[in-house]
2 protein chains.
Amino acid sequence: MTYTPTIILVSPQMGENIGAGARAMKNFGATDLRIVTPRDGWPNPKAEAMAVGAVDIIHNAKVYKSLGEAVADLEYLYATTAQSRAMNKKCVSLKNLLAQDVGARRVGVMFGRESSGLTNEEISYANEIITIDTSEFSSLNIAQAVGLVCYELFKMPLDKANTTNSIELCTKGELKYFFDHLFTELDKTKLFRDEDRSVYMRQNIMNIFNRVDKLSHTEVQALRGVVAALASNGLQEN
Amino acid sequence: MTYTPTIILVSPQMGENIGAGARAMKNFGATDLRIVTPRDGWPNPKAEAMAVGAVDIIHNAKVYKSLGEAVADLEYLYATTAQSRAMNKKCVSLKNLLAQDVGARRVGVMFGRESSGLTNEEISYANEIITIDTSEFSSLNIAQAVGLVCYELFKMPLDKANTTNSIELCTKGELKYFFDHLFTELDKTKLFRDEDRSVYMRQNIMNIFNRVDKLSHTEVQALRGVVAALASNGLQEN
């Protein structure tokens, strides 16, 4: 297993950028491209044209209707943002990324739409944020950003990349089951009665659990048990 | 003085790449763009369109008819190549670039045409070659390459960048005067009588002197003195 990231483009707008991103991925050994709701549909001839020798990555790219599906099998997910958001989430500068060992085997990095980046709701899926230090002019082309991230991770020595991990980390998909379960139960409560408030609370909750360091498969099962226990106890009280 | 490199694009073909390169330069604090014989002339609307917020770099870019003019005021010049050439020239991997201290204040990095990179003759102007480690698929987009180089140099701590150098290094322009002088003298000799051979010899000679570590202004003057002395001595012998 090598540490080549899965690249997730969230609602990319220009096919040219998807193609240029794929080419940069291939330059640095990354091959798994996932695209969530591309603006101009899929397949996209402009993406193929810009990919040049990396057209295989375009042809093998998977397209998803939701971010949740796109990241379901990943163990660790980074979000990239232009500037740090007012979010209680760990941030790492790209230049320090290699110093980290997240202990995960299936790592993804997601990039937002050209016009406005990732929404806070999308960022709430991430374990951590990658920022790229720039000059005052921080408007990075998305394909450049993909290239820089893949370039940095390609530097990782193979012995470090071949991380053998005795703990089975939870996937984003398992975590989603937990959230679905939790939110279904919370929908029945006063806490989620107000629509605006419940949207905000969902994000907060997702943010909290996505930040747990090395949350394992077993631990998520335990959390689901906790929710189930609380919910049934509440029912008994009524 | 900061260590923001001058970027030299040699015979770039697509305006889009010039614009995307300018944008990446600005992301990482580089502003001095020089273009040698752009294929589609200058100004180029496609370059402006792709530059987005970095259109000032496009407007301030300088265009040259020859590489020699474009680099005349620089003290240290890097060439970027996809794979290491069979040239006796120092190579540094981009990831190790920051560990170097070339002791120069005016540093340039040149990038070749999209189709075929830099010629050996162009590379002979460089002090050193930068290679970018890639996967087997080494065909890097030129704007991506510009972005990666500027990104790496932008990491340099300012205290290291503010290098105060007591030695006045020779510029590429001074070195060119020396070469002109030397080659004019050599043209008169048997060594340069064969046209093919003389082209090869010129490159070799340029390569040798461009590789001298921290060649100073004073030293180039000394070299010119040596050539003048040898030449006039030869004349006296005839």
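1. Let me start with Gln203(B), which sits in helix H9 (residues 195-210) of chain B. In this predicted model, Gln203(B) has a relative accessible area of 19% and is buried; the cut-off for that class is under 20%. Setting aside neighbours within four places in sequence, Gln203(B) is in contact with Asn120(B), Glu121(B) and Ser124(B).

2. The counterpart of that helix in the other chain is worth a look for its packing. In chain A, helix H8 (residues 172-187) and helix H9 (residues 195-210) pack at an angle of about 145°, and their axes are 11 Å apart. The crossing of H8(A) past H9(A) is right-handed. On the H8(A) side, the contact is made by Lys172(A), Leu175(A), Phe178(A), Phe179(A), Leu182(A), Phe183(A), Leu186(A) and Asp187(A). H9(A) brings Arg202(A), Ile205(A), Met206(A), Phe209(A) and Asn210(A). Sorted by class, this contact has nine nonpolar residues, one polar and three charged.

3. Now for chain A as a whole. You will find ten helices and seven strands in chain A. Of its 238 residues, 53% are buried. Among the contacts in chain A with a separation of 6 or more, 85% are between residues 24 or more positions apart.

4. How do the two copies relate? Chain A can be laid on chain B by a turn of 180° and a shift of 0.0 Å along the axis, with an RMSD of 0.0 Å. That is the relation of a two-fold axis. The same surface serves both copies, as 100% of the contact residues of chain A recur in chain B.

5. If you were wondering about disulfides, a search of the whole structure finds zero over all chains. Why does Cys91(A) not form one? The closest cysteine sulfur to that of Cys91(A) belongs to Cys150(A) and is 19 Å away, so it is too far for a bond. Cys150(A) has its closest cysteine sulfur across in Cys150(B), also 19 Å away and too far for a bond. As for their surroundings, Cys91(A) is partly exposed at 39% relative accessibility, whereas Cys150(A) is buried at 1%.

6. Please check the cis peptide bonds with me. One joins Trp42(A) and Pro43(A), with omega about 0°, and another joins Trp42(B) and Pro43(B), again with omega about 0°. Pro43(A) lies in the loop between strand S2 (33-36) and helix H2 (45-51) of chain A. In chain B, Pro43(B) is in the loop between strand S2 (33-36) and helix H2 (45-51).

7. Two residues other than glycine have a positive phi that you may like to view. For Val52(A), phi is near 50°. Val52(A) belongs to the loop between H2 and helix H3 (55-60) of chain A, and it is partly exposed at 48% relative accessibility. For Ser11(B), phi is near 50° as well. Ser11(B) is in the loop between strand S1 (6-10) and helix H1 (15-27) of chain B. Is Ser11(B) buried or exposed? With a relative accessible area of 16%, Ser11(B) is buried.

8. One last residue is Leu153(B), found in helix H6 (residues 142-154) of chain B. Leu153(B) is buried, at 6% relative accessibility. From Leu153(B) to His59(B) there are 94 residues in sequence, and the C-alpha to C-alpha distance is 23 Å.

Key
Residues are numbered from 1 along each chain as its sequence is written. Chains are lettered from A and ligands numbered from 1 in the order in which they are written. This is a predicted model: local features need pLDDT of at least 70, side-chain atom pairs count only at pLDDT 80 or more; totals for chains, interfaces and linings use all residues. Side-chain values use heavy atoms; hydrogens and water are left out. Copies are superposed by least squares on the C-alpha atoms of residues with pLDDT of at least 70 in both. Contact means heavy atoms within 4.5 Å. A disulfide is a pair of cysteine sulfur atoms within 2.5 Å. Buried means under 20% relative accessible area, exposed over 50%, partly exposed in between (1.4 Å probe, protein chains only). Axes are lines fitted to C-alpha atoms, for helices over the stretch in contact, and angles run from 0 to 180 degrees between N-to-C directions. Helices (H or I, at least four residues) and strands (E, at least two) are DSSP runs, numbered from the N terminus. A crossing is left-handed if the near helix is turned anticlockwise from the far one by less than a right angle, and right-handed if clockwise. Ala, Val, Leu, Ile, Met, Phe, Trp, Tyr, Cys and Pro count as nonpolar, Asp, Glu, Lys and Arg as charged, and the others, Gly among them, as polar.
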